[in-house]
Amino acid sequence: MQKCVIELKNIEKRFGPVVANDGINLQINRGEILCLLGENGSGKTTLMNMLSGIYQPDGGEIYADGKPVAIRSPKDAFDLNIGMIHQHYHLVDVFTAAQNIVLLDEDGKMDMSAVNSRVSEICSKYGFDIDPKMKVYDMSVSQKQTVEIVKILYRGAEILILDEPTAVLTPQETDKLFAVLRNMKKDNKAIILITHKLAEVMDVSDKVAILRKGKYVGTVITRESDPQKLTDMMVGRTVSLNINRPEYQNPQDKLIVEGLTCLNYEGVKKLDNVSFTAKTGEILGVAGIAGSGQKELLESITGLYPVKAGSVRFINEDKSETELVGKTPGEIRKIGVGMGFVPEDRLGMGLVGSMGMTNNMMLRSWRKGKGIFFNRKNPEKLARKIWDDLEVVTPSTTFPVRRMSGGNIQKVLVGREIASNPPVLLTAYAVRGLDINTSYAIYNLLTDQKMKGAAVMYIGEELDVLLELCDRILVLCGGKVSGIVDARNTTKEEIGFMMTSVGGIKGGDRK
Amino acid sequence: MNTNLKMPLIRLAKRDSLKPSVVWAIRIASVVLALLLGMIPIIMAGKNPFVSYGIMIEGALSKPGYIRQTVKRAIPLLGTALAIAPCFKMKFWNIGAEGQITFGAIISSAIAIYLGKSLPSFPLLVLMAVAGAIGGGIWAFIPGYFKAKYNTNETLFTLMMNYIAIGIVRWLQGGPWEGRKGTQMIPMFPDAARLPNVLGIYCGWIIILVLVVIIHVYMNFTKHGYEVAVIGDSENTARYAGMNVGWIMMRTMFLSGAICGIVGWMLVSGANGTLNSDVAGGVGFTAITVAWLSQLNSFAMVVIAAMLAVIGKGSATLQTKLSVPASVADIISGVLLFCMLGCEFFINYKIILRGKSDKEVQ
C-alpha cells in the first residue's frame with residue numbers, strides 16, 4: 001500500500017477578487033496526523049472544502065493514490081474515502097446518535113440493532129465515549145462532535161479532515177479527542193487537523209503544513225520545530241506574544257450586576273443568578289465554553305435580551321445608581337448611560353453591512369439634532385478619524401463595510417464604540433477571526449480605554465489571551481458564575497476546570 | 001488544468017464589481033435578446049415582427065394623444081412603486097398595494113359621493129386626498145401592526161387584504177352606491193370631485209413627480225429613511241442602535257399605504273371619474289417590478305414606469321391594429337421583464353464552462 005493517499009499540487013481558488021488559495025501543495029499520508037496551520041482567513045478551510053467536494057478548484061491537480069482525480073461533489077469525496085467534520089455540525093436534533101450515523105447509508109434498510117452494535121464497535125476500537133441511543137438534543141457539543149466523527153468512520157472514511165475541532169471543547173475534552181485521533185492514526189488512517197492553536201499542533205501532530213494569506217509556506221516535521229518557529233512561518237515575522245497590562249490606580253465600582261436571570265424563548269435558563277461587579281480601570285474577562293451564557297449576559301445588560309429577574313445598576317459620576325433592567329437600548333441611551341457594546345455578530349448586530357463607514361457611525365448618533373433630517377457631517381468626520389487612526393483599509397467612507405475584510409470590519413465597529421470614551425465598554429469575541437496584528441491593535445485599544453477609566457468587559461475564547469489581557473476573569477458554566485479569579489494569579493488549568501463545573505476544583509468535581 | 005478530467009460542465013463564480021459601461025452593455029444586450037425572443041410569438045401568430053414592434057412604438061409615442069394615454073398608464077404605476085419602496089427597503093414584503101389603492105379609493109369616493117354636491121371643488125379634492133391617504137394607510141397599518149406585535153407573515157396578510165378591499169367595492173357597486181338599479185355601477189362623480197387636467201392629462205402627474213423628489217429625500221436624508229434602511233439590513237442592528245423596530249414598521253407601512261391611497265384617489269378622481277372594483281387593475285403588482293428593476297431608486301422608477309407604460313400601451317395598440325391576440329402582447333411584455341430581471345444575475349455572477357478555467361483566470 002502506498003503511503004501517500006492524497007496529493008495536492010498547485011491548487012488555486014478565487015472568490016471574485018479574493019485569492020483564497022494560491023499554489024498550494026500538500027501530501028497526505030496514511031498513519032499520520034497532519035496539522036494545517038494558519039491564521040484565520042489564510043485559506044485552510046477553503047482548501048479542505050475543495051478536498052471534500054464542496055468547492056471546485058480554479059487550478060491545480062489532485063491525486064488520489066497517484067492517479068489524478070476530480071472531486072465534484074461530497075459524494076465523490078466519500079468515494080475516495082475522504083470525510084470532513086465541519087465546524088458547524090450537521091445533525092438531526094430529534095434523532096439518536098445511531099440514527100444520525102445511518103443517515104448516510106444508501107441501501108434504505110435499517111437494522112437498528114446491527115447499527116448500534118457496529119457503532120459500539122467503532123467506539124470501543126478508537127476510544128469514543130458515546131451512547132448510540134442518546135438523542136442529539138440531549139448531547140453536549142463534544143458529544144455531537146463525536147457523533148460527527150463516528151458518522152464519517154461508519155461510512156468507511158480513511159482520510160479524516162477536522163475543521164477546528166477544539167474550538168468548542170474544554171481542555172479536558174480536547175485531550176480526550178486527541179487520544180482518539182492517536183488511536184485512529186495507529187489504525188493507519190490519514191488525519192488532517194485544521195487549527196490555529198500552536199499548543200495543540202505541538203501536542204498531537206506529526207507534520208505541520210503552514211498557510212499564510214492563501215499561500216503555501218511549507219511543511220515541517222513537528223518534532224523538529226518549535227512554537228516560535230511555527231509562529232514565524234504563520235505570520236511571516238517574529239511577533240511578541242506579550243500583551244501590555246498596566247495597572248490602574250484606585251478602581252471604583254461602575255456596574256453592579258445582581259442575581260441576573262434570563263430565559264430563552266423556550267423557557268430554558270440561559271443565565272442563572274449571575275452576580276458580579278465591573279470596576280473602572282479594569283478589564284473583566286469572561287471565560288466559558290461556547291454557549292454558556294456569554295452572549296445573553298452582555299445583551300441583557302444592554303437591554304437587548306429580556307431579563308427574568310435580577311438587577312443591573314450603573315453607578316453615575318455622583319455615585320447615584322441607575323437601574324438598567326427593564327429599559328430598552330433606546331431608553332438607556334436617552335437617560336445618558338454611556339455604554340459601548342461590541343457584539344459577537346458584527347454585521348448582524350453591530351453594523352449595517354450594506355452601508356459605508358459614515359452611515360455606520362450614524363448608528364450611534366442618528367437621533368441627534370432637531371428636525372426630520374439627520375446630520376451626516378459629524379459621522380463623516382468620525383469615520384475619517386477612525387479610517388486614519390486605526391488604519392482601516394477601505395477605498396472610501398461609503399464603501400459597504402460588508403465587503404471589507406473581517407479585521408477592518410472589526411476596527412470600524414470597535415472604533416465607533418470607543419469613540420465617545422464610554423464609561424462601560426462591553427466586548428464579545430472582539431478578536432475572533434482577526435489576524436495577529438489586528439488582534440493586538442484591538443487589545444491595545446481596550447487597554448487604552450481601561451487606562452482612561454472605563455470598565456471593560458471582554459468575552460474571549462483563547463484562555464492565553466484572557467490570562468494576559470484581563471485583570472480579573474469571570475468564568476461562566478451553564479449560565480452560572482463558576483467563579484471570579486485574579487488573572488495574574490491563576491492558570492489555564494484552573495479556568496478550564498471552572499468552565500466545566502461550577503466552582504472548579506474546589507467544587508470537587510475533578511475527574 | 002487537466003481538461004481530460006470531468007470537471008462540472010458549468011460553474012458559477014461571483015464577479016468583482018464590473019465597470020458601469022460593461023454593466024450597461026449587459027443590460028442593453030438583455031433588452032435586445034428580449035426583443036429577439038419576443039419575435040417568436042409574433043411570427044407564430046403569423047405577423048411580421050419588425051412591423052409589429054414598429055406599431056408598438058407608434059401606438060405608444062407617435063401622437064400627443066397616444067403619449068397622453070401612455071402617461072396615464074405610467075402615473076399609478078410610478079406612484080405605487082414609490083409607495084412600496086420604503087417597505088421593500090425595510091424588507092417588509094408589502095404586496096398589498098392593490099388593496100391599499102382600492103381602499104383609499106373607497107374612502108375617497110365616499111367623500112365624493114356624500115359631500116360632492118355640497119362642497120366647492122378645491123376643498124373637496126383636498127378632503128378626498130386626505131381621506132384616500134388615511135384609508136390606504138389604515139389598510140396597510142393593519143398587517144403592519146400584526147407583523148410588529150405577533151410576527152405574522154406580511155406577504156400572505158397583505159395579499160389577503162387585497163381581496164377584502166376588492167370585495168368591499170363589489171358590494172358597494174351592487175348595493176348602497178349602485179346608480180341605476182341593476183347596472184352594478186357607481187355613477188360618475190360630480191365635476192367638483194374631478195381632478196382638473198394639465199396639458200391634457202389629469203394633474204396627478206404633477207403630484208407624482210413631486211412625490212418622486214419627496215420619497216428620494218425621505219429615503220436618503222431623513223432620520224426615518226435611515227431607520228428604514230437599518231431595519232432592512234438587520235433588525236438586530238436596529239434594536240442594538242436603540243430603534244423601536246415595531247413602531248417603525250407600523251409607521252412605514254402606514255406611510256406606504258397612504259401613498260397608495262393617494263394613487264387610489266387620483267384613479268377615481270382623475271383617471272376614471274368613478275369607483276369600480278377594477279380600480280387598481282393589477283398596478284399594485286406591476287409596481288413591484290418597477291420598484292425592483294429600479295433598485296428602489298425613485299428617479300430610476302420614473303424611467304422604468306415609463307418604459308412599462310410604453311410596452312403596455314404599445315401592446316394594446318398591437319392588439320387592435322394587427323388583431324393579434326391579447327395573450328401575444330402579454331407574452332412580449334413578460335419576456336421583456338424576464339430578460340431585464342435575469343440580466344442582473346449575469347451582472348453579479350460569471351459562468352465558467354468546463355475546460356475554460358485557464359482562460360478565465362487570466
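## Helix H11 of chain B and its cover

In this predicted model, four helices of chain B are among the elements that cover the buried residues of H11(B): H3 (64–89), H4 (97–115), H12 (298–322) and H13 (326–348). H11 itself runs over residues 283–293 of chain B. Its buried residues are B:Val283, B:Gly284, B:Thr286, B:Ala287, B:Val290, B:Ala291 and B:Leu293. After H11(B) comes B:Gln295, with a positive phi near 50°.

Several of these residues meet B:Leu77. Not counting residues up to four places away in sequence, B:Leu77 touches B:Val283, B:Thr286, B:Ala287 and B:Val290. The list of its contacts also holds B:Ala305, B:Leu308 and B:Ala309.

## Nonpolar cores

Where does B:Leu77 belong in the wider packing? B:Leu77 is one of the residues with the most contacts inside the largest nonpolar core. That core has 177 residues. The others with the most contacts inside it are A:Tyr458, B:Ala81, B:Val290 and B:Ala305. Residues of chain A and chain B are thus both named in this core. Helix H10 of chain B (residues 245–272) gives the core its largest share, 15 residues.

A second core is separate and has 59 residues. Among them are A:Cys35, A:Leu36, A:Ala98 and A:Ile152. As a general background, nonpolar side chains in soluble globular proteins tend to be buried together.

## Chain B as a whole

Chain B has 14 helices and four strands. Its C-alpha trace spans about 85 × 60 × 35 Å along the principal axes. Of its 362 residues, 43% count as buried. Among contacts in chain B with a separation of 6 or more, 79% join residues 24 or more positions apart.

The domain assignment splits chain B in two. Domain 1 takes residues 9–47 + 324–362, and domain 2 takes 70–323. Their C-alpha centres are 31 Å apart. Ten residues of domain 1 of chain B are in contact with nine residues of domain 2 of chain B. On the domain 1 side of chain B, the touching residues are eight nonpolar, one polar and one charged.

## Chain A as a whole

Chain A has 17 helices and 20 strands. Its C-alpha atoms fill a box of roughly 75 × 50 × 45 Å along the principal axes. How does its radius of gyration agree with that of a compact globule? For 511 residues the globule value would be near 24 Å, and chain A has 25 Å, so the two agree. Of the 511 residues, 45% count as buried. Among contacts between residues of chain A at least 6 apart in sequence, 67% join residues at least 24 apart.

Chain A is also divided into two domains. Domain 1 covers 4–235, and domain 2 covers 253–338 + 420–507. Their C-alpha centres lie 34 Å apart. Nine residues from domain 1 of chain A and eleven residues from domain 2 of chain A make the contact. The side of domain 1 of chain A that touches domain 2 has four nonpolar, four polar and one charged residues.

## Two residues with positive phi in chain A

Most residues other than glycine have a negative phi. A:Glu164 is not a glycine, yet has a positive phi of about 45°. A:Glu164 is in the loop between strand S7 (159–163) and helix H6 (171–186) of chain A. Is A:Glu164 buried or partly exposed? A:Glu164 counts as partly exposed because 18 C-beta neighbours lie inside 10 Å, while a buried residue needs 20 or more.

A:Asn273 has a positive phi of about 55°, and is not a glycine either. A:Asn273 is placed in strand S12 (residues 269–279) of chain A. With 14 other C-beta atoms within 10 Å, A:Asn273 is partly exposed.

## Confidence

The predictor gives the complex an ipTM of 0.79 and a pTM of 0.75. Chain B averages a pLDDT of 86, and 94% of its residues score at least 70.

Which stretch of chain B stays under 50? Residues 357–362 of chain B do. For this stretch the model has eight contacts beyond four places in sequence. Where pLDDT is low, the predicted coordinates should not be read in detail.

Note on methods
Residues are numbered from 1 along each chain as its sequence is written. Chains are lettered from A and ligands numbered from 1 in the order in which they are written. This is a predicted model: local features need pLDDT of at least 70, side-chain atom pairs count only at pLDDT 80 or more; totals for chains, interfaces and linings use all residues. The radius of gyration is taken over C-alpha atoms; the globule rule is 2.2 Å times the number of residues to the power 0.38. A residue is buried if 20 or more other C-beta atoms lie within 10 Å of its own, exposed if 12 or fewer, and partly exposed in between; C-beta atoms are placed from the backbone. Two residues are in contact if their C-beta atoms, placed from the backbone, lie within 7 Å. Domain bounds come from an automatic or database domain assignment. Ala, Val, Leu, Ile, Met, Phe, Trp, Tyr, Cys and Pro count as nonpolar, Asp, Glu, Lys and Arg as charged, and the others, Gly among them, as polar. A nonpolar core is a set of buried Ala, Val, Leu, Ile, Met, Phe, Trp, Tyr and Cys residues joined through C-beta atoms within 7 Å. pLDDT is the predictor's confidence in each residue, from 0 to 100.
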